[in-house]
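Student: Could you walk me through the place where the ligand sits? I'd like a close look at just that part.

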Amino acid sequence: MKNIVINGGRKLDGSVSLQGSKNSALPILAASAMVNGISVIHNCPDLTDISAAIKILRYIGCKVKREGNTVIVDASCAGRFDIPEKLMREMRSSIVFLGALVSRFGRGSVTPPGGCEIGLRPIDLHLSALQRMGVVIEEKNGRLECNAPCGVRGCHISLAFPSVGATENILLACVTAKGETVITNAAREPEIVDLADFLNRCGARIRGAGQSVIHISPAKELVPVEHTIIPDRIIASTYMACAAAAGGAVSVKGVIREHLMPVTGIFETAGCNVMFSGRELIVRVPRRISRIRYLRTMPYPGFPTDAQAVVMAMLATANGTSVITEKIFENRFRHVPELSKMGADIRTENGCVAVVEGVERLRGAKVTATDLRGGCALAVAALGAEGETVIDSIHHIDRGCENFELCLTQLGADVKRIQ
Ligand code: UD1
């Protein structure tokens, strides 16, 4: 088993280049399966979740090559529309392949992505949207058999919640459908815009991505293109939190300022100095950060749930009491008992409110990464803690952070990965 060992208490001072966005790359890789030809996708981070998506593409018959951070997908021979349970379960967001399969083959057979990590993560919104588009869904032997006997048809879909995955699945399923589609209460995340940009370059006709109402006019077919994945705003927030916990100054290169607006205000309220110079972000941290009186996670452009854990870890040593309300997932405080092992004073109420009493200093401990962002939160806490922290179950971190230890080392941290 591999662990990450961090010797805390060193101020950070350094610069890191930001990786491409995992949450953007996954649906775009799924979309590449709908293109009859070779898609070239740049800035794809080297992560286990991306490898899982590549395995699915290969299973359905695509030829996939990786050259550094460029993934080349030839989907001209794709011919399978079923995804085995093992591949579905390897990565929770495998469900986004369903829209792509239905669009390309008029049918798809998947298992529910299943498992409970940060919440129940139902897919009812995905399925009811597909049904409205003429897809007949039957559950057989634990599989979802999806068929569009008369083809996928455009329609008006009003989402009960602006689900990122459901919005992506609808976009994928409807771009070559018969007739117009309108999505209201669509997710507005930058990753939706990136997916729509990719699809539009391929010939799709999507208008309004990034807003609550998205219009999609039918396209005949998708043609192959080159595309560069947007930078990962959540990983940028993670490095900002690392700086805030450890002190010092950190520069993150390759950011898109607008994507970070939902988080920069929080760091400023905590007393950090946040500066942008073109595509570079510089965070300078005061001797001790201040509490955030009230923080609540929201769909974009609100504060992202994916940055909640790392910000909580930084607030564990803030001056005063912070209150964090998690509004997106029902089981997203699994890092709290681990932070407590390091001396954090956090109590949770109803699983969705965390009251963080800032303590002077955390101390190193043996802790377990419980999920991707929770694992990153432990690293944030460890950087500011006294002594050595050993984080195990780091496969969670490897799902989303590319070269994590190397990047932290570049920022001046004392980090190593051990067997
Ligand atoms: C995506 C991101 C994840 C992020 C989340 C919210 C990817 C690969 N993952 O996850 O990192 O934390 O957006 O920004 O992009 N819901 C339903 N029914 C559904 C779908 C969702 O009830 O059919 C609920 C979920 O349980 C959750 C909320 O809606 O409570 C948000 O989920 P959603 O936006 O769909 O998140 P994901 O796409 O799973």
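**Around the ligand**

Tutor: Let's start with a contact: a polar backbone atom of valine 164 lies 2.8 Å from an oxygen atom of the ligand. That's a polar contact, meaning a pair of N or O atoms within 3.5 Å; within protein, one must be able to donate a hydrogen and the other to accept it, and residues adjacent in sequence count only if both atoms are side-chain atoms. Before going on: this is a predicted model, where local features need pLDDT of at least 70, side-chain atom pairs count only at pLDDT 80 or more, and totals for chains, interfaces and linings use all residues. Residues are numbered from 1 along each chain as its sequence is written, and side-chain values use heavy atoms, with hydrogens and water left out.

Back to the backbone: isoleucine 328 has a polar backbone atom 2.5 Å from a ligand oxygen, and for proline 122 that distance is 3.2 Å. Taken alone, the ligand exposes 740 Å², and the protein buries 83% of that (accessible areas by the Shrake-Rupley method with a 1.4 Å probe; for residues, only the protein chains shown count as cover).

Now zoom out to the 17 residues around the ligand, each with a heavy atom within 4 Å of it. Asp124, Leu125, Ser163, Asp306 and Ile328 come nearest. Helix 5 (124–132) and helix 6 (164–174) each supply at least two residues of this shell, and helix 5 gives the most, with three. Helices here are DSSP runs (H or I, at least four residues), numbered from the N terminus. By class, the shell has seven nonpolar, six polar and four charged residues. Nonpolar means Ala, Val, Leu, Ile, Met, Phe, Trp, Tyr, Cys and Pro; charged means Asp, Glu, Lys and Arg; the others, Gly among them, are polar.
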